[in-house]
Amino acid sequence: MIFTEVVGVAEIGEVMLKSYLRYHTEPICVYCSEADRDYLNKKVDSTIVKYIIVSDDVLNSYQQGHLGTAKIYADIFLDSTNDDIIHIDSDVVFQKESISLIKNRLSEGHALVGPIRRYKENPCNRPDCEYRENIVSTFFFGFKNSYVTKRSREQLISMFMGNSIDGQP
């Protein structure tokens, strides 16, 4: 499963989708509002783009920062029957075929694949980050859903919002 979310940012998502379609043939699920879908349907002509209209609860949660995104992620983690899941931020612009880079590593057995978010090297010299281990950036990454410990939707949402499950940052 490949997905993105473009709630309230259809114009930005349009650029990503057009660049995605230039180089890829795999279906992509686009989580969006009805207004976003209506806009994108006029701009992006493709049968591999599958629109998933978010609920009013998720739509309203976008007024609280990343809460809407966290709810979409939680639903995907809990409901997807796909083991390999790839996420693309709505502002990514593809310049060549790139999905295979993630798909190949997942097929080799890796649980999490993507570019490094460099906490430990701390390129911005932030003292609140230097103790953290490096992790994968979330703008374009893939993961095996089977490696995710099943938790309640509420707990997953909290974790996606950056809250701790063990008291550690």
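## Nonpolar cores

In this predicted model, the largest nonpolar core (buried Ala, Val, Leu, Ile, Met, Phe, Trp, Tyr and Cys residues joined through side-chain atoms within 4.5 Å, where buried means under 20% relative accessible area with a 1.4 Å probe and protein chains only) has 23 residues, and those with the most contacts inside it are M16, L17, Y20, I28, V30, L40 and I88. Two or more residues each are given to this core by α1, β2 (28–32), β3 (49–53), β4 (84–88) and α5 (99–107), with helices (H or I, at least four residues) and strands (E, at least two) taken as DSSP runs numbered from the N terminus. The largest share, 4 residues, comes from α1.

Leaving aside residues up to four places away in sequence, I28 touches I2, F3, T4, M16, L17, Y20, I48, V49, K50 and I88, contact meaning heavy atoms within 4.5 Å. A second, separate core of 20 residues includes V54, Y62, F77 and I85.

## Packing of α1 and α2

The axes of helix α1 (residues 10–23) and helix α2 (residues 34–43), which are lines fitted to C-alpha atoms over the stretch in contact, come within 10 Å and cross at roughly 40°. That angle makes α1 oblique to α2.

On the α1 side the contact is made by A10, E11, G13, E14, L17 and K18, and on the α2 side by D36, Y39, L40 and K43.

## Basis of the values

Residues are numbered from 1 along each chain as its sequence is written, and side-chain values use heavy atoms, with hydrogens and water left out. Local features need pLDDT of at least 70 and side-chain atom pairs count only at pLDDT 80 or more, whereas totals for chains, interfaces and linings use all residues.

How values were computed:
Axes fitted to C-alpha atoms, helices over the stretch in contact; angles between N-to-C directions. Parallel < 35°, antiparallel > 145°, perpendicular 65-115°, else oblique. Buried < 20%, exposed > 50% of the residue type's maximum accessible area, 1.4 Å probe, protein only.
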